[in-house]
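This report describes one protein chain for a reader who is new to structures. Look at the sequence and the model first, then read on.

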Amino acid sequence: MKRIHLFLTGAIIGLMAAGQMSCSSSKTAARNERAETVKQQLESRRYTIDVDRMLPMQGPSQHLTTNYGLTIKGDTVISYLPYFGRAYSVPYGGGKGLNFEALISDYSLVFDAKGVAKISFRTRSEDDLYLYEAEVFNNGKTTLRVTSNNRQGISFYGQLKEEVQLAEQES
């Protein structure tokens, strides 16, 4: 009776371990697939970063309830981002802030040893000159920093939009 009990216990433990290993390998495969998708999107220079939180230089981090984001389409940036912070010089009426569409210059995309993408580019709106710097992780999580000539810098946190959704958006 003890042998049967030990045999069943061993079999159950073996099945559980096999299940854990297969679950673990499927998670790893899914992570690798997402990392490859992220890399392809960034290299194509056609992607959108959905922003859900901002961190002004002064003041607390704030969650955003409106659909803010940054879209790259080849050599063009569409910036739809909120701004809170100190402005040193702005046009009469406040200007457009970080809401504009403009051409990109000095675009750079570099992957570090861990596969984290470091993106930077410069752009100019009617109001100001901007430097955008982003870190995009393998899972699509993104940190975005915006520096301008006439305003304090600001940071945003968000997620790289899935490729399928972006294709639907362009249709």
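Helices and strands are here DSSP runs, a helix having at least four residues and a strand at least two, and they are numbered from the N terminus. On that basis the elements of the protein chain, read from the N terminus on, follow the order α-β-β-β-β-β-β-β-β-α. The chain thus holds two helices and eight strands. The model is a predicted one.

**The chain overall**

The protein chain has 171 residues, and 33% of them are buried. Its accessible surface is about 10800 Å², and carbon and sulfur atoms account for 54% of that surface. Among contacts between residues at least 6 apart in sequence, 47% join residues that are at least 24 apart.

**The barrel**

How are the eight strands arranged? They form a closed barrel in the order β1-β2-β3-β4-β5-β6-β7-β8, and the pairing is antiparallel. From one strand to the next, the twist averages 30°.

Some of the strand pairs are listed here, each with one pair of bridge partners.

| Strand pair | Bridges | One pair of partners |
|---|---|---|
| β1 (residues 46–56) and β2 (residues 62–73) | eight bridges | Arg46 and Lys73 |
| β1 and β8 (residues 154–160) | seven bridges | Leu55 and Ser155 |
| β5 (residues 117–124) and β6 | eight bridges | Ala117 and Val136 |
| β6 and β7 (residues 141–148) | seven bridges | Ala134 and Leu144 |

Several of these pairs are also hairpins. Between β1 and β2 there are five residues, and Gly59 in that turn has a positive phi of about 110°. The hairpin from β5 to β6 passes through four residues. The hairpin of β6 and β7 has four residues between its strands, and in its turn Gly140 has a positive phi of about 95°.

**Strand β6 and its two faces**

Strand β6 covers residues 129–136. It pairs with β5 on one hand and with β7 on the other. In a regular strand the side chains alternate between the two faces of the sheet. What does each face of β6 carry? The covered face has Tyr130, Tyr132, Ala134 and Val136, while the uncovered face has Leu129, Leu131, Glu133 and Glu135. Two residues of the covered face have bridge partners in β7: the partner of Ala134 is Leu144, and the partner of Tyr130 is Ser148. A third, Val136, is the bridge partner of Ala117.

**The nonpolar core**

In soluble globular proteins, nonpolar side chains tend to be buried together. In this model the largest nonpolar core has 30 residues, and those with the most contacts inside it are Leu98, Phe121, Tyr132, Val146 and Phe156. Strand β4 (residues 98–111) gives the most to this core, with five residues.

Phe121 shows which parts of the chain come together here. Leaving aside neighbours within four places in sequence, its contacts include Leu70, Ile72, Val77 and Ile104. Tyr130, Leu131 and Tyr132 are also among the contacts of Phe121.

**Two residues compared**

Thr142 and Leu103 can be read side by side. Thr142 lies in strand β7, and Leu103 lies in strand β4.

Is Thr142 buried or exposed? Thr142 counts as buried because its relative accessibility is 4%, and the cut-off for buried is under 20%. The side chain of Thr142 reaches the backbone oxygen of Gly140 at 3.0 Å. This Gly140 is the turn residue with the positive phi of about 95°. Leaving aside neighbours within four places in sequence, Thr142 is in contact with Ile49, with Ala134, Glu135 and Val136, and with Phe156, Tyr157, Gly158, Gln159 and Leu160.

Leu103 is exposed, because its relative accessible area is 57% and exposed means over 50%. Not counting residues up to four places away in sequence, Leu103 touches Asp75, Thr76, Arg122, Thr123 and Arg124. Leu103 and Ser125 are 22 residues apart in sequence, and their C-alpha atoms are 8.8 Å apart in space.

Technical notes
Residues numbered from 1 in each chain as written. Predicted model: local features only at pLDDT ≥ 70, side-chain atom pairs only at ≥ 80, totals over all residues. Heavy atoms only, no water. Buried < 20%, exposed > 50% of the residue type's maximum accessible area, 1.4 Å probe, protein only. Pairing = 2+ DSSP bridges. Axes fitted to C-alpha atoms, helices over the stretch in contact; angles between N-to-C directions. Polar contact = N/O pair within 3.5 Å; in protein donor to acceptor, adjacent residues only side chain to side chain. Contact = heavy atoms within 4.5 Å. Core = buried A, V, L, I, M, F, W, Y, C linked by side-chain atoms within 4.5 Å. Areas by Shrake-Rupley, 256 points an atom, 1.4 Å probe, with all protein chains shown as cover.
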